[in-house]
Amino acid sequence: MIQHPASPLGAFERWLTLWVGLAMIAGLALGVLAPGLVQAVAMAEVASINLVVAVLIWAMVYPMMVNVDFGAVAGVARQPKGLLITLTVNWLIKPFTMALLAVLFFDHVFAPWIAPQDAQQYIAGLILLGAAPCTAMVFVWSQLTRGDATYTLVQVSVNDIIMVVAFAPIVALLLGVTEVVVPWQTLVLATILYVVLPLAAGLLTRRVLGSPARIELFSAQVKPWSMIGLIATVAILFGLQGQTILDRPVIIALIAVPILIQSYLIFAIGYSAAWLMRVPHRIAAPCALIGTSNFFELAVAVAISLFGLNSGAALATVVGVLVEVPVMLSLVAFANRTRARFPTETTR
């Protein structure tokens with residue numbers, strides 16, 4: 001495996017929570033000052049897919065998919081433990097703990113302050129977050145913990161393969177268990193539009209570009225569009241949710257509570273398992289962080305497709321964006337402080 005030295009977060013990633021916060025404020029202002037414009041965006045739909053948001057989500061997702069290299073997957077057989085932990089946590093634990101926490105808080109703990117129909121929307125948004133493991137930002141977290149870059153790429157690639165076939169069934173199962181009506185056709189269409197097609201486009205782009213150097217250069221060139229798409233989507237969502245948020249600002253804090261608990265819980269499970277299985281730190285840290293972080297771009301897109309731009313589900317997924325960076329930076333710091341507790345040599 002190739003080890004790459006740690007590199008700092010870019011200016012945008014380092015201050016992502018700030019930019020998302022500013023986008024929220026801009027969206028609220030836009031909703032108050034130009035409600036007609038926001039509603040026009042909301043009405044631009046075909047088959048329950050908002051065309052404006054679809055373009056923005058593609059701008060977010062496509063640059064990430066260019067980094068996915070299935071050719072590296074074969075080498076994982078030499079060190080299967082890290083991948084085993086990642087897949088177990090991401091697909092057999094994380095979606096279900098998120099659903100349990102969402103139901104616990106919004107059907108019980110917060111029930112006195114939230115209308116039942118709103119609670120179901122927030123639960124749905126949290127389930128979408130829990131069922132979508134991180135794709136792009138995990139490369140940043142891996143670098144910050146001096147993780148094995150090639151192994152991290154393998155983990156992301158395998159997760160994306162599984163996501164193509166597992167995301168929609170898991171979401172449908174959990175939404176059904178929590179008594180949220182799921183339009184299967186829209187869910188499958190959203191999965192194809194926001195996972196399958198961008199992944200295929202990314203693979204085609206890699207094939208056309210050919211060399212790793214050209215792929216890396218192209219990825220750097222298109223990466224800003226990912227952040228632009230995220231910020232624009234957040235602004236639109238908050239423009240539509242403006243009145244609800246202004247009337248009840250505490251709802252943001254309430255949604256953040258189960259997300260925070262889930263993040264630290266999932267990291268503890270993955271990191272502890274890696275320590276118990278004597279996985280080297282350069283693999284252990286990324287394998288714990290990939291499950292802790294979320295593919296919030298996909299969650300936002302599917303929430304909008306299933307429930308609408310002005311839904312509580314869409315709002316819940318955006319709160320996930322707001323919470324993610326400070327939480328992940330705190331876990332990166334913890335992982336770096338505990339490096340000495342892990343073996344340094346490759347464990348097979």
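This is a short walk through one chain, from its overall make-up to two residues, Asn294 and Trp15.

The model is predicted, so please keep that in mind throughout.

Overall first. The chain is 348 residues long, and 55% of them are buried. The secondary structure consists of 15 helices and two strands. On contacts, take the pairs at least 6 apart in sequence: 87% of those join residues at least 24 apart. The accessible area of the chain is about 14200 Å², and 71% of that comes from carbon and sulfur atoms.

Now Asn294. You will find Asn294 in the loop that runs between helix H13, residues 281-292, and helix H14, residues 296-307. Is Asn294 buried or exposed? Asn294 has a relative accessible area of 9%, and the cut-off for buried is under 20%, so Asn294 counts as buried. What does Asn294 touch, once neighbours within four places in sequence are set aside? The list is Lys94, Leu129, Ala132, Pro133, Cys134 and Glu324. With Lys94 there is also a polar contact, side chain to side chain, at 2.8 Å.

Next, Trp15. This residue also belongs to a loop, between helix H1, residues 11-14, and helix H2, residues 16-33. Its relative accessibility is 47%; partly exposed covers the range between 20% and 50%, which is why Trp15 falls in that class. Trp15 is one of the residues in a nonpolar surface patch, together with Leu18, Leu22 and Ile25. The accessible area of the four combined is about 420 Å².

To recap the two residues: Asn294 is buried, and Trp15 is partly exposed.

Notes:
Residues are numbered from 1 along each chain as its sequence is written. This is a predicted model: local features need pLDDT of at least 70, side-chain atom pairs count only at pLDDT 80 or more; totals for chains, interfaces and linings use all residues. Side-chain values use heavy atoms; hydrogens and water are left out. Helices (H or I, at least four residues) and strands (E, at least two) are DSSP runs, numbered from the N terminus. Buried means under 20% relative accessible area, exposed over 50%, partly exposed in between (1.4 Å probe, protein chains only). A polar contact is a pair of N or O atoms within 3.5 Å; within protein, one must be able to donate a hydrogen and the other to accept it, and residues adjacent in sequence count only if both atoms are side-chain atoms. Contact means heavy atoms within 4.5 Å. Patches are made of residues with over 30% relative accessible area and no salt bridge: like charges are joined within 9 Å, nonpolar side chains (Val, Leu, Ile, Met, Phe, Trp, Tyr) within 5 Å. Accessible areas come from the Shrake-Rupley method with a 1.4 Å probe; for residues, only the protein chains shown count as cover. A salt bridge is a side-chain nitrogen of Lys or Arg within 4 Å of a carboxyl oxygen of Asp or Glu.
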